Amino acid sequence: MSETNSAKIVIAPNGPYLVSGALPVTLETIVPNDTGNSWEWQTGRAIEAGERYALCRCGASDKKPFCDGTHARNGFDGTETASRAPFAEQAVSIDGPGMVLQDADALCGFARFCDAGDTIWKSIERADEAGVRELVIREATHCPSGRLVLRDAPSGTAYEPDFAPSIGLVEDPAKNCSGPLYVRGGVAVYSADGSTYEARNRVTLCRCGKSSNKPFCDGSHVEAAFVDGLGG
Ligand code: FES
């Protein structure tokens with residue numbers, strides 16, 4: 001994870017994400033492999049955002065990804081219902097040969113990188129086999145929500161991509177929808193009540209307005225057919 005930085009995201013009560021610290025914003029598209037499983041991230045165009053900006057959280061702005069004030073007119077209920085417990089307390093651990101997979105399923109954003117092969121939950125049991133170890137590492141580290149964290153055993157060192165502080169706008173063409181904010185690099189996220197969520201290398205924040213685990217994405221954007229109009 002990148003060093004702690006001054007960038008932050010403050011959640012406005014029943015309103016947008018207030019971003020400061022000149023966090024760059026890019027489109028991030030989920031690309032499937034030839035068997036149809038999520039496999040790669042493709043970084044697309046950058047969105048000009050500036051030093052401080054407000055990102056839509058209700059899903060209804062006409063100026064996505066930015067807030068246009070619609071939340072104040074549509075009765076958006078942005079109540080934060082997610083657990084404040086650190087990831088390590090939320091996660092269950094699954095042991096494999098030479099590795100431990102931590103899994104906090106409440107954080108799942110339904111990006112589906114974990115489904116390739118036999119799924120990561122079965123593959124971890126064979127992580128000492130040629131090719132399987134690489135697949136397990138790939139699946140865990142491509143998970144945008146941070147639901148899955150893979151650690152070397154016995155050192156406990158996590159396999160983590162080296163992300164600069166940044167925000168991705170997830171596009172999911174296989175599901176014909178757009179997804180959450182993919183917040184990377186340990187950006188501080190402040191609740192509307194002033195408390196902080198655990199700063200992590202990977203989190204996904206709901207921007208469709210439909211999650212039952214706000215502020216985090218719970219995959220509801222797929223059923224809601226959320227489209228930001230930016231993916232082309
Ligand atoms: S963006 Fe995923 S549930 Fe809202």
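1. The sheet. In this predicted model, five strands form an open sheet in the order β4-β3-β9-β10-β12, and their pairing is mixed. The edges are taken by β4 (38–47) and β12, each of which has a single partner strand, so one side of each is left without a neighbour in the sheet. On average, and ignoring direction, neighbouring strands of this sheet are turned by 30 degrees against each other. At the β4 edge, β3 and β4 are paired in the antiparallel sense over 7 bridges, and a reader who wants a landmark there may use Ile 30, which stands opposite Trp 41 in β4.

2. The helix across the sheet. Helix α4, made of residues 132–142, lies across β4, β10 and β12, and runs at about 35 degrees to β4. The helix is mostly covered, with 8 of its 11 residues buried; these are Val 132, Leu 135, Val 136, Ile 137, Glu 139, Ala 140, Thr 141 and His 142, a list in which Glu 139 and His 142 appear beside residues such as Leu 135 and Ile 137. The elements that cover the buried residues of α4 include β4, β7, α3, β8, β10 and β12.

3. The nonpolar cores. In soluble globular proteins, nonpolar side chains tend to be buried together. Here the largest nonpolar core has 32 residues, and those with the most contacts inside it are Ile 9, Tyr 17 and Ile 167. At least two residues of this core come from each of β1 (8–11), β2 (17–20), β3 (25–32), β5 (52–55), β9 (166–172), β10 (177–184) and β12 (202–205). A second core, separate from this one, has 14 residues, among them Met 99, Val 132, Val 136 and Cys 143; of these, Val 132 and Val 136 are also among the buried residues of α4.

4. The surroundings of Tyr 17. Once neighbours within four places in sequence are left aside, Tyr 17 is in contact with Ile 9, Val 10 and Ile 11, with the run Tyr 53, Ala 54, Leu 55, Cys 56 and Arg 57, and with Leu 181, Leu 205, Cys 206 and Pro 215. Ile 9, one of these partners, is itself listed with Tyr 17 among the residues with the most contacts inside the largest core.

5. Phe 216. This residue lies in the loop between β12 and α5 (220–223), yet Phe 216 is buried, with a relative accessible area of 10%. Leaving aside neighbours within four places in sequence, its contacts are Ala 82, Leu 107, Tyr 197, Val 203, Thr 204, Leu 205, Cys 206 and Ser 211. Phe 216 and Ser 83 are 133 residues apart along the chain, while their C-alpha atoms are separated by 9.8 Å.

6. Cavities. A search of the whole structure gives 4 cavities of 30 Å³ or more, and the largest cavity has a volume of about 150 Å³. Its lining is made by 15 residues, of which Leu 107, Glu 198, Arg 200, Val 203 and Phe 216 lie nearest the centre. The elements giving two or more residues to this lining are α2 (87–90) and β12. Leu 107 and Val 203, both in that central group, are also contacts of Phe 216.

7. The largest pocket. This pocket holds about 200 Å³ of space. Of the 13 residues that line the pocket, Phe 87, Val 149, Arg 151, Glu 160 and Arg 200 lie nearest its centre, and α2 and β8 (148–152) each supply at least two residues of the lining. Arg 200 thus deserves a look in both places, being named for the pocket and for the largest cavity.

8. Backbone points to check. Which peptide bonds are cis? One is the bond from Lys 64 to Pro 65, with omega near 10 degrees, and Pro 65 is found in the loop between β5 and α1 (71–74). Another cis bond joins Ala 153 and Pro 154, with omega about 10 degrees, and Pro 154 has its place in the loop between β8 and β9.

9. Positive phi values. Phe 110, although not a glycine, has a positive phi of about 60 degrees; Phe 110 sits in the loop between β7 (99–103) and α3 (120–123) and is partly exposed, with a relative accessible area of 33%. Thr 119, also not a glycine, has a positive phi of about 80 degrees. Thr 119 is found in the loop between β7 and α3, and at 23% relative accessibility Thr 119 counts as partly exposed.

Technical notes. Residues are numbered from 1 along each chain as its sequence is written. This is a predicted model: local features need pLDDT of at least 70, side-chain atom pairs count only at pLDDT 80 or more; totals for chains, interfaces and linings use all residues. Side-chain values use heavy atoms; hydrogens and water are left out. A nonpolar core is a set of buried Ala, Val, Leu, Ile, Met, Phe, Trp, Tyr and Cys residues joined through side-chain atoms within 4.5 Å. Buried means under 20% relative accessible area, exposed over 50%, partly exposed in between (1.4 Å probe, protein chains only). Helices (H or I, at least four residues) and strands (E, at least two) are DSSP runs, numbered from the N terminus. Contact means heavy atoms within 4.5 Å. Two strands pair if DSSP finds at least two bridges between them. Axes are lines fitted to C-alpha atoms, for helices over the stretch in contact, and angles run from 0 to 180 degrees between N-to-C directions. On a 1 Å grid over the protein atoms alone, a cavity is a set of points where a 1.4 Å probe fits but cannot get out, and a pocket is an open set with protein on both sides within 12 Å along at least five of seven lines; lining residues have an atom within 4 Å of a point. Grid points are joined across faces, edges and corners, and a volume is the space filled by probe spheres set on the points.
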